[in-house]
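Trainee: I have a protein model open beside its sequence, and I would like to learn how to read it step by step. Could you take me through it slowly?

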Amino acid sequence: MRRLLLLAILGIAFCGNVSAKGYEIKGNITGVKSGKAVLVVSDPESMAFSDTVQIVNGRFAFKGDIQDAVYAGLVICPEGQPDASLSIILEDALITVSA
């Protein structure tokens, strides 16, 4: 689990796009065929929400709108392997997660 978490943290690349409308998180986790990815946002000043998507062949994606940049948690739940989590800053941009 430590290795997966470390790889996920090191693999995050924030690619800002000034003209972007909404956020997009694209993930590719090597060695994971299936499972779930969970995005959790809990900001008392703006909003709180969560979203869950399926991991298919190691890939997952989230899309949505957010008014201001907030801290969020991303939990990767690969089938048959330990979960890994990391913190991200969620903003109107493309966010790529690789591990």
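Mentor: We will go from the overall layout to the core, and then to single residues.

Trainee: What should I know about the origin of the model, and what is the average pLDDT of the protein?

Mentor: This is a predicted model, so the predictor's confidence in each residue, called pLDDT and given from 0 to 100, is a sensible place to begin. The protein averages a pLDDT of 82, and 75% of the residues score at least 70.

Trainee: Over which residues does pLDDT stay under 50?

Mentor: The general idea is that where pLDDT is low, the predicted coordinates should not be read in detail. In this structure that caution applies to residues 12–19, where pLDDT stays under 50, although the model has 15 contacts beyond four places in sequence for them.

Trainee: How many helices and strands are there, and in what order do the elements run?

Mentor: The protein has one helix and eight strands, and, read from the N terminus on, the order is α-β-β-β-β-β-β-β-β. It also helps to ask how the contacts are spread along the sequence: among those with a separation of 6 or more, 64% are between residues 24 or more positions apart.

Trainee: How much of the protein is buried, and what makes up its accessible surface?

Mentor: Of the 99 residues, 32% are buried. The accessible surface comes to about 6200 Å², and carbon and sulfur atoms account for 52% of that area.

Trainee: Which residues of the largest nonpolar core touch the most other members?

Mentor: As a general idea, in soluble globular proteins nonpolar side chains tend to be buried together. Here the largest nonpolar core has 22 residues, and Ile25, Leu39, Phe60, Phe62 and Leu90 touch the most other members. Two or more residues of this core come from each of β2, β3, β4, β5, β6, β7 and β8, and β6 gives the most, with four residues.

Trainee: What does Leu90 touch beyond its neighbours in sequence?

Mentor: Leaving aside residues within four places in sequence, the contacts of Leu90 include Tyr23, Ile25, Leu39, Val41, Phe49 and Ile95.

Trainee: How many aromatic pairs are there, and which residues form a pair?

Mentor: A search of the whole structure finds one aromatic pair. Phe60 and Phe62 form it, with 6.1 Å centre to centre and 70 degrees between the planes, an edge-to-face arrangement. Since buried means under 20% relative accessible area, Phe60 counts as buried because its value is 5%, and Phe62 counts as buried because its value is 1%.

Trainee: How do I read the two faces of a strand such as β2, and which strands does β2 pair with?

Mentor: Look at which residues are covered and which are not: in β2, Tyr23, Ile25 and Gly27 make up the covered face, while Glu24, Lys26 and Asn28 make up the uncovered one. Then look sideways, where β2 pairs with β5 in the antiparallel sense over six bridges, and Lys26 has Ala61 as its bridge partner in β5. β2 is also joined to β8 by five bridges, with these two strands running parallel, and there Ile25 stands opposite Ile95.

Trainee: What about the loop between β4 and β5: are Asn57 and Gly58 buried or exposed?

Mentor: Both residues lie in that loop, and each has to be compared with the cut-offs, exposed being over 50% relative accessible area and buried under 20%. Asn57 counts as exposed because its relative accessibility is 55%, whereas Gly58 counts as buried because its relative accessibility is 0%. Asn57 also has a positive phi of about 55 degrees although it is not a glycine.

Trainee: What do these two residues lie beside in space?

Mentor: Ser34, which lies in strand β3, is 23 residues from Asn57 in sequence, yet their C-alpha atoms are 6.0 Å apart. Gly58 and Thr30 are 28 residues apart along the chain, with their C-alpha atoms separated by 6.0 Å. Not counting residues up to four places away in sequence, Gly58 touches Gly27, Asn28, Ile29, Val32 and Lys33.

Trainee: Where does Lys33 lie, and what is it in contact with?

Mentor: Lys33 lies in the loop between β2 and β3, and it counts as exposed because its relative accessibility is 63%. Beyond its neighbours within four places in sequence, Lys33 is in contact with Ile55, Val56, Asn57 and Gly58.

Terms used
Residues are numbered from 1 along each chain as its sequence is written. This is a predicted model: local features need pLDDT of at least 70, side-chain atom pairs count only at pLDDT 80 or more; totals for chains, interfaces and linings use all residues. Side-chain values use heavy atoms; hydrogens and water are left out. Buried means under 20% relative accessible area, exposed over 50%, partly exposed in between (1.4 Å probe, protein chains only). Contact means heavy atoms within 4.5 Å. Accessible areas come from the Shrake-Rupley method with a 1.4 Å probe; for residues, only the protein chains shown count as cover. A nonpolar core is a set of buried Ala, Val, Leu, Ile, Met, Phe, Trp, Tyr and Cys residues joined through side-chain atoms within 4.5 Å. Rings of Phe, Tyr and Trp (its six-membered ring) pair if their centres lie within 6.5 Å; planes under 30 degrees apart count as stacked, over 60 as edge-to-face and the rest as tilted. Two strands pair if DSSP finds at least two bridges between them.
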